[in-house]
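Trainee: Please take a close look at one part of this structure, the nonpolar patch on the surface. Which residues form the patch, and where does its largest share come from?

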Amino acid sequence: MRQHRTTAAVLSAICMGLGQLYNRQWIKGILLLIVGIFSLYYFINNLGDAIWGMTTLGEQGSHLEKVNGLTQMVAGDHSINLLIEGLITMIMFAIFLIGYYANIKNAYNAGKQREQGVQPNNFRQTLYYIFEWKFAQSFLTLPAIGILFFTVMPIIFMVMLAFTNYSAPNNLPPANLVDWVGFKTFTNLVALKSWSHTFFGVLTWTIIWAVLATITTYFGGVLVALLIQQKGIRFKGVWRVILIIPYAIPQLISLLVMRNMFNGQFGPINQYLRYFGLEGLPWLTDPVWAKVTVIIVNMWVGIPVSMLLVMSVLTTIPKDLYEAADVDGATGYQKFKIITLPMILFSTAPVLITQFAGNINNFNLIFLLTNGNPVVGDYQYAGATDLLVTWLYKLTLDQQRYSMASAIGIIIFMIIATFSIYNYRRTRSFKEEDMIQ
């Protein structure tokens with residue numbers, strides 16, 4: 001007989017809490033009924049406006065209108081506010097639907113218990129079950145909601161902006177409305193000569209920079225770690241402390257100091273070169289030398305991190321392997337190639353992928369050291385050392401080209417996500433994870 005479970009599920013589908021009341025779970029039923037009635041009232045009044053706002057982005061911007069015989073500026077629809085409010089309402093509606101489904105499922109299960117002659121949990125037993133048996137899920141609910149509204153929602157908002165014409169000066173609300181334009185922003189980015197030249201130029205440098213910055217810092221760290229770990233090196237602790245100083249000092253200070261040191265006219269480096277009769281170099285003013293400079297400075301900041309990571313791995317390699325290699329007559333290079341390097345890569349490959357992704361978005365070093373300069377005349381708001389992320393920053397904060405910046409942000413995400421997932425799944429660390437466990 002399935003009468004109770006069916007009746008309870010149908011009543012809960014009609015309104016939250018009715019099924020629980022039917023199952024004589026009075027407190028739970030009343031609370032869910034209150035939540036259900038309030039939610040229905042809210043969505044009846046707001047859901048339609050939210051859908052209208054997200055679909056149309058408004059119908060009329062700020063305009064002059066005669067009020068009581070006087071011409072006054074009347075505020076129109078604010079497209080961005082409509083988009084944000086609609087997005088919030090839709091996310092809340094999705095959460096409500098999940099809760100509604102859980103309410104029906106709970107009533108169904110309670111009705112099933114009644115059919116089996118088991119008394120459904122009362123309110124105190126329900127609380128005990130939530131905070132004892134489902135403590136982890138209950139504890140994570142609030143942070144999950146926070147992440148949904150403060151991390152996921154802004155990302156969705158950014159993605160949606162990429163499909164609008166939201167930019168200065170012609171489409172800034174509330175004076176003007178913003179419209180949906182589909183993939184036009186992406187098309188302009190790769191098809192219009194003025195934008196495509198900048199995009200492909202910055203994209204090419206971003207990839208070159210990420211590869212060189214990752215390789216130099218990683219293998220530089222491997223080299224330094226191997227040198228320190230040599231048997232003949234004394235005062236190893238002192239060497240570690242000295243070499244970690246560039247990483248221990250806040251990056252803001254290090255990069256600003258480096259910016260002054262590489263100054264073409266007054267920087268100490270060029271002054272030393274002139275002291276020895278050499279010509280000063282345009283470290284930050286020539287496009288090629290500026291790129292060389294940022295790579296050198298990144299090595300200064302990044303090698304200590306890789307050094308610490310590799311040193312920790314070196315201490316875990318069994319000495320028996322090296323002793324067996326010595327017995328077989330292996331050279332130092334052969335031991336490094338067959339034992340040391342594979343062990344290091346096995347443990348640090350995921351970190352290496354993370355470093356590559358981080359270098360694609362290495363905003364601090366480029367912005368603080370060169371600010372993306374030197375300027376390139378035929379680039380749209382970008383310099384010779386600008387990465388996609390710093391170009392995005394300039395388009396957003398300086399030029400108010402929000403839709404174009406959003407499109408670039410999506411492209412950055414696609415590049416990083418594709419590369420990271422593909423390469424991580426190919427690493428031995430991922431394939432042999434079960435062996436480690």
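Mentor: This is a predicted model, where local features need pLDDT of at least 70, side-chain atom pairs count only at pLDDT 80 or more, and totals for chains, interfaces and linings use all residues. Residues are numbered from 1 along each chain as its sequence is written, and side-chain values use heavy atoms, with hydrogens and water left out.

Now the patch. Ile245, Ile249, Leu252, Ile253, Leu256 and Val257 form it. Together they have about 480 Å² of accessible area (Shrake-Rupley method, 1.4 Å probe, with only the protein chains shown counting as cover for residues). Patch residues have over 30% relative accessible area and no salt bridge, and nonpolar side chains (Val, Leu, Ile, Met, Phe, Trp, Tyr) are joined within 5 Å, like charges within 9 Å. A salt bridge puts a side-chain nitrogen of Lys or Arg within 4 Å of a carboxyl oxygen of Asp or Glu.

Helix H10, residues 251–261, gives the largest share, 4 residues. Helices (H or I, at least four residues) and strands (E, at least two) are DSSP runs, numbered from the N terminus. Val257 sits in helix H10. Its relative accessible area is 40%, so Val257 is partly exposed (between buried, under 20%, and exposed, over 50%; 1.4 Å probe, protein chains only).

Then the setting. The protein has 19 helices and 2 strands. Buried residues make up 35% of its 437 residues. The protein exposes about 25700 Å², with 67% supplied by carbon and sulfur atoms. Its C-alpha trace spans about 90 × 80 × 35 Å along the principal axes.
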